[in-house]
Amino acid sequence: MKVFVSYSSKDLADVETLKASLANGPIELFVAENSVKPSESLASEIKLAIKSCHLFVVVWSNHAKASDWVSQEVGQAVALGKSILPIVLEGSMGLPGFMSELKYISAEGNRKDAMDRASSIILEKYEERKKKQEDTQRKQSDSDSKFLLGAGALALFLFSR
């Protein structure tokens, strides 16, 4: 599962805590600081990563609020209908209008606990996605089997005439 993380570079330490809690697992985490190589177009790689992500995480803070990049990334995620998981670093601030209806994780008090909670939610969403994919594959397999069974029965009928 692909997860995009939007953040201010001034909050990178908190993002690294989230990244560490998801290390060695099935989640492909896009953190621009680590995911975009020198010489690559930052804007192009970010747009592509947002478009292909299954979950968009925004680490919201006063730094993020002041960042042109974060507001553009959130705008793209909203426009693409992405599922958004907000983590609010400062308890005194809420989410902006376009995200205000979302329930968020508050990091006030203990940021590591908040990042661990976010990690758990991301892994739960991964398991939900995996189960849906398995169900879809099982239904397709059942459908294919029924088709083959029906085709076989028809062939037997036609050859027995």
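Okay, before anything else, one term: when I say two strands pair, I mean DSSP finds at least two bridges between them. And keep in mind that this is a predicted model.

Let's start with strand E4, residues 84-88. Its neighbour E3, residues 55-60, runs parallel to E4, and five bridges join the two. If you want to find that pairing on screen, look for Trp 60, which stands opposite Val 88 in E4. Val 58 is another handle, standing opposite Pro 86 in E4.

Now, what does Val 88 stand opposite in E5? That would be Ser 106. Strand E5 is residues 105-106, and two bridges pair it with E4, again in the parallel sense.

So how covered is E4? Mostly: five of its five residues are buried. Ile 84, Pro 86 and Val 88 point one way, Leu 85 and Ile 87 point the other way, and all of them are buried.

Zooming out, we have an open sheet of five strands with parallel pairing, and the order is E2-E1-E3-E4-E5. Why do E2 and E5 each have one side without a neighbour in the sheet? Because E2, residues 28-30, and E5 stand at the edges, and each has a single partner strand.

Next, the helices on the sheet. H3, residues 42-52, packs there and touches E1, which is residues 2-6, along with E2 and E3. The direction of H3 makes about 130° with that of E1. Helix H5, residues 68-79, also packs on the sheet, and its contacts are E1, E3 and our strand E4. For H5, the angle is about 150° with the direction of E3.

That's my tour, thanks.

Conventions:
Residues are numbered from 1 along each chain as its sequence is written. This is a predicted model: local features need pLDDT of at least 70, side-chain atom pairs count only at pLDDT 80 or more; totals for chains, interfaces and linings use all residues. Side-chain values use heavy atoms; hydrogens and water are left out. Buried means under 20% relative accessible area, exposed over 50%, partly exposed in between (1.4 Å probe, protein chains only). Helices (H or I, at least four residues) and strands (E, at least two) are DSSP runs, numbered from the N terminus. Contact means heavy atoms within 4.5 Å. Axes are lines fitted to C-alpha atoms, for helices over the stretch in contact, and angles run from 0 to 180 degrees between N-to-C directions.
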